[in-house]
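Let's go through a structure together, one feature at a time. Have the sequence and the 3D view open as we talk.

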Amino acid sequence: MSHKLNTEYGGVKDTATSNAKAAAQSKAQQASASSNALALPGPESSMDPQKGVLNKDIVVGPTIQSSGSTDNGFPGKSTAVIPARGSSERNFSTSAIMERVPSKWPRPVWHAPWKNYRVISGHLGWVRSVAVDPSNSWFCTGSADRTIKIWDLASGRLKLTLTGHIEQIRGLAASPKHTYMFSAGDDKQVKCWDLEQNKVIRSYHGHLSGVYCLAVHPTIDILLTGGRDSVCRVWDIRSKMQIHALSGHDNTVCSVFTRPTDPQVITGSHDTTIKFWDLRYGKTMATLTHHKKSVRAMALHPKEDCFASASAENIKKFSLPRGEFMHNMLSQQKTIINAMAVNEEGVLATGGDNGSMWFWDWRSGHNFQQDQTIVQPGSLDSEAGIYAMTYDVTGSRLITCEADKTIKMWKEDETATPETHPVHFKPPKDMRRF
């Protein structure tokens, strides 16, 4: 601090003796001028050695036109430095002394931008949920028109329409081990469809209000549903019995996913918390309270042990199994995020209530593309919301379900190169924890 004070204010520190020193300084300046010294424009202006920014109280000598100097008049490496008034001989600003540390933030991987290549219309209401068949040949969508439609993934043609719910369908899941599909809706019903007979073979009764999300366990024959009654219920698929009622949230459970190892069940709620559950005892293992607003969407990375969660104020990444906070995504979408999905290449897609589709690099949290969905002709602009999204099994196609009653399919732009779409990345100076 004393060095800095001496450097910056040495010339004006001792006002009592400044007049006495003025004559001596003018003689010193005349002597330096006679020895071929050039001052930069202005009496008090000079160069900061690192940044090329004009600084005060440093007078730089002649720029010697050698290998170290530059042609534009700015001092190069070899410059004669004359001590400033009342300062020590080595007069560098603190920024010149400080060691430049390169940012440790990971650089984003280049991803091709995504483009909309197909719009499927067929539903008569908002499309609220989507699930892809594990064999990657079809996908199903549930809508506010109370129907479930099954579409061919390659061509986008309608294969089948299933009716049975009496309210909008909020959750869908296809079983990886059986020919079963599960659906849940605002009518408090959870149904199991046999896709060989195309009819409901089981119903799971117990929810006290609308069911908002649904997930099938990858290894055990159990089903998880969360709803407006603030409870995540665990069902035995075959016996239709409720194994656990995972209670502890204070508000609607609107997102759930499962994994084969602990924590096997992770739920996000409108009460802004994320809870990890112990499936054996039906108890909470951990509660994450990092978000300030409702956690409406979560996405588990297919390869890494981490997941992302989205709320209206931020998208956050957490590691598993402990649930340590990793970092926020580097920009804010500034809308309610209803859906998110991530593929193996590390492309995270998020869909907002205002129709914004943002694509992120998973590792660095860099937002490399911002898109806006176009509403169908005849729809209101306010019907641009995206309610559900998922990648297909390969991760090369993205399916979004929207409020203009359409299903849109996205793929990467094959013509894009790192030259045509460069990454504009600026590493963050400080990461906001909240």
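What follows is a short dialogue on reading this structure.

Q: Before I start clicking, what kind of model is this, and how are the residues numbered?
A: This is a predicted model, where local features need pLDDT of at least 70, side-chain atom pairs count only at pLDDT 80 or more, and totals for chains, interfaces and linings use all residues. Residues are numbered from 1 along each chain as its sequence is written, and side-chain values use heavy atoms, with hydrogens and water left out.

Q: How many helices and strands does the protein chain have?
A: Helices (H or I, at least four residues) and strands (E, at least two) are DSSP runs, numbered from the N terminus. Here the protein chain has three helices and 32 strands.

Q: What percentage of the residues is buried?
A: Buried means under 20% relative accessible area, exposed means over 50%, and partly exposed is in between, with a 1.4 Å probe and protein chains only. Of the 434 residues in the protein chain, 49% are buried.

Q: How do I read a sheet?
A: Strands of a sheet pair through backbone hydrogen bonds, either parallel or antiparallel. Two strands count as paired if DSSP finds at least two bridges between them. Take the open sheet of four strands with the order β10-β11-β12-β13, where the pairing is antiparallel. β10 (169-174) and β13 (199-204) are at the edges with a single partner strand each, so one side of each has no neighbour in the sheet. From one strand to the next, the twist averages 25 degrees; such angles run from 0 to 180 degrees between N-to-C directions, with axes as lines fitted to C-alpha atoms, for helices over the stretch in contact.

Q: How many bridges join β12 to β13?
A: Five bridges join β12 (residues 190-194) to β13, and the two run antiparallel. To find one on screen, pick Val190, whose bridge partner in β13 is Tyr204.

Q: Where else can I practise reading a sheet?
A: Try the open sheet of four strands in the order β26-β27-β28-β29, with antiparallel pairing. Its edge strands, β26 and β29, each pair on one side only. Neighbouring strands in this sheet are turned against each other by 15 degrees on average, direction ignored.

Q: Which residues stand opposite each other in β28 and β29?
A: β28 (residues 356-361) and β29 (residues 367-372) run antiparallel and are joined by five bridges. Met357 stands opposite Asp371, and Phe359 has Gln369 as its bridge partner. The hairpin of these two strands has five residues between them, and there Gly365 takes a positive phi near 75 degrees.

Q: Which residues of the largest nonpolar core touch the most other members?
A: A nonpolar core is a set of buried Ala, Val, Leu, Ile, Met, Phe, Trp, Tyr and Cys residues joined through side-chain atoms within 4.5 Å. The largest one has 14 residues, and Ile315, Met340, Leu348, Trp360 and Trp362 touch the most other members. The elements giving two or more residues to this core are β22 (297-300), β23 (306-310), β26 (337-342) and β28. Another core, of 13 residues, lies apart from it and includes Ala173, Tyr204, Val216 and Ile237.

Q: What is Met340 in contact with?
A: Contact means heavy atoms within 4.5 Å. Leaving aside neighbours within four places in sequence, the contacts of Met340 include Ala297, Ala308, Ile315, Leu348 and Met389.

Q: How many salt bridges are there, and what counts as one?
A: Side chains of opposite charge can pair when their charged atoms come close. The cut-off is a side-chain nitrogen of Lys or Arg within 4 Å of a carboxyl oxygen of Asp or Glu. A search of the whole structure finds eleven salt bridges. In one of them, Asp413 pairs with Lys115, with the closest N and O atoms 3.8 Å apart. Asp413 lies in the segment after β32 (406-412) and Lys115 in strand β5 (residues 114-121), so the pair ties together parts 298 residues apart in sequence.

Q: Is each partner buried or partly exposed?
A: Asp413 counts as buried, at 18% relative accessibility, whereas Lys115 is partly exposed at 34%.

Q: Which other salt bridge should I look at?
A: Look at Asp221 with Lys177, where the closest N and O atoms are 3.2 Å apart. Asp221 sits in the loop between β14 (211-216) and β15 (222-227), and Lys177 in the loop between β10 and β11 (180-185), 44 residues apart. At 14% relative accessibility Asp221 is buried, while Lys177, at 46%, is partly exposed.
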